[in-house]
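Q: I would like a close look at one part of this model. Please keep it brisk.

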Amino acid sequence: MTLDFLGNLQRTHRCGELRVEQDGQDVVLMGWVNRRRDHGNLIFLDLRDRTGISQVVLDKEFADEAHAKAETARSEYVVAVKGKVRRREAGLENPNMATGAIEVVAKDLLLLNEAKTPPFSPAEDDIANEEVRLKYRYLDLRRGQMQRNFALRHKVARAIREYLSENGFLEIETPFMTRSTPEGARDYLVPSRIHPGEFYALPQSPQIFKQILMISGFDRYFQIARCFRDEDLRADRQPEFTQIDLEMTFPQQETVFRVVEGFLTAAFKTAGIELKAPFVQMTYDEAIRQYGIDKPDMRLPAMVELTDELTPELREQLKIEQKLPVLSFIIPKAGGLSGTERKKLISEVRAGFGESGLDLLDTERLKTSETFAPLAATITQKLEAGADDLTVVVTPKLGTPEKWNYDPQWIYKRVGALRLQLAQKFADKHGLFTQTGTAEDFKFLWVTDFPMYEWDEETKTWNAAHHPFTSPHEDDIKSGALFNDKGAVRALAYDIVLNGTELGSGSIRIHRQDVQAEIFRSLGMSDEEAKERFGFFLDALEYGTPPHGGIALGLDRIVMILAGASSLREVIAFPKTAKAIDLMVDAPSPATEQQMRELHLKTVVRS
């Protein structure tokens, strides 16, 4: 096959731009052959670029040479077309294409490059084998859905940049190569050739650097920052990811909230979604009591405690523990089960409870009992349950407090997990999470007043629940709880949650060196260890550090939700697999012997 040179030919339009307004115009299109249909004297090429597809008609009688070239063209060939836009005849329009009212009658066709038969066609909407998609990512990215995802990502990032810039934030880059600091996950280490035996670390976040920028007087900083964490992967995790990072001086929590709500409103507007601010706020304790989780999905009704409804007498009759809460909730539209379906569901849930001491109260059976029918009616009324809603009541069995040492929070978390489990079970059938393209699909929430510390049962130590630069509540510093009652210390930390997904975390930071040193000591870190690991930062705090705070949100997660995707891999151009492998470039890969010598390294593989 003889290929053509482009010469000085320039395209006049992109493939997805043509409309009936261009009827009769001479145009030049360039792109990939999406599909080819040969009807003898007429050959149709669907020509594709990232803006869309235009149908090209090659008529042997009108353009014999171009028609001959089209006979050799195949899917994914790169071509250029010179021709005239023609409005399609009535009844021949394609309503499924933005350009479906026109076609381009070709005069000339240039074959700019050929293509091997691809392992899958970019014209396909769904490709089941994700590993093949990732191996041939350059083909996968040609697909229309992927092109739309990354156009959306670009618009979202641009809107956020513009909003923050207009509100006094400066975009400042922080280092990729820094020192290892405790951020809650393992660091990726980079060996230094010049300093044998020493390592840089790739940043898990720009945390310390953005605080130093506040010490430096920049007042408001932001960065769309690349971050790296060597951790086990899930659908919403990648070893390298992008976050919207910002910090400001002299803020209250509400100051941060208004800024975040502002740029999220601007970002969602690019997808046609008009958000309503301010967002709902809830403390960590409230979230646990109402939803059993610190990232509640507000699309589902909250849990309700049946304290007044279940009197001591009723508890005794129903063999329910007196001192622990009875929690109830509804799953919208999931009611109307047959007797057999209800019994099967109850059996499955009870099996899932195992030896936990929890049980279900069958409200349908209560309705048939003269003794308990009023109770069933009261529960239905309190839950505001409709006839088509599934009502679930979880009760602690007698003797449960002894097993749990009177710790009721576990009950809230366990019942909250059941609530989400059942919602997912019925989601597809009843369309519980179906997006309608309106603001009502997106339930934002601020969760505040997180615990400052969390107990590690394995190491028997208290760790920072957020990070060690988060400020405790002033009252908890004054009371001495930092050392005397760590479980009661509250942090000035906050999360922004959307539909049960944590989008980002932030906090008001510690700006005093004496308080920072106290926090390090409360975590079991000696002054010497703190100076070794954070000496430069502790020194900086002594030079007039202003009160400051900020937040970081996952850009990948925001775009994933807006795109309706199920995995971050759909909105990251070159992602890793669940085993942290880049299948396209075959990374990670071994270093050469020379590279290892230069870095003063040896590889030891332990089984």
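Which residues form a nonpolar patch on the surface, and about how much accessible area do they have together? Please go on from there to aspartate 556, with its helix, burial and contacts.

A: This is a predicted model. The nonpolar surface patch is made of Phe176, Met177 and Tyr200. Together they have about 280 Å² of accessible area. Tyrosine 200 belongs to strand 8, which covers residues 199–201. The relative accessible area of tyrosine 200 is 31%. That value lies between the 20% and 50% cut-offs, so the residue counts as partly exposed.

Now to aspartate 556. Its place is helix 18, residues 555–563. Its relative accessibility is 3%. Buried means under 20%, so aspartate 556 counts as buried. Beyond its neighbours within four places in sequence, the residue has several contacts. On the list are Arg153, Phe241 and Thr242. Leu568, Val571 and Ile572 are on it too. Threonine 242 also appears in a polar pair: its backbone nitrogen lies 2.9 Å from a polar atom of the aspartate 556 side chain.

Arginine 557 is also found in helix 18. Its relative accessible area is 14%. This too is under 20%, so arginine 557 is buried.

Both residues carry a record annotation. An unreviewed UniProt entry lists Asp556 and Arg557 under "binding site". Other positions in that listing include Gly554 and Leu555. Arg229, Asp230, Glu231, Gln238 and Glu502 are listed there as well.

Methods:
Residues numbered from 1 in each chain as written. Predicted model: local features only at pLDDT ≥ 70, side-chain atom pairs only at ≥ 80, totals over all residues. Heavy atoms only, no water. UniProt positions renumbered as here; feature names shortened; annotations may be inferred. Helix = DSSP H or I, 4+ residues; strand = E, 2+ residues; numbered from the N terminus. Buried < 20%, exposed > 50% of the residue type's maximum accessible area, 1.4 Å probe, protein only. Contact = heavy atoms within 4.5 Å. Polar contact = N/O pair within 3.5 Å; in protein donor to acceptor, adjacent residues only side chain to side chain. Patch = residues over 30% accessible without salt bridge, like charges linked within 9 Å, V, L, I, M, F, W, Y side chains within 5 Å. Areas by Shrake-Rupley, 256 points an atom, 1.4 Å probe, with all protein chains shown as cover. Salt bridge = Lys/Arg side-chain N within 4 Å of Asp/Glu carboxyl O.
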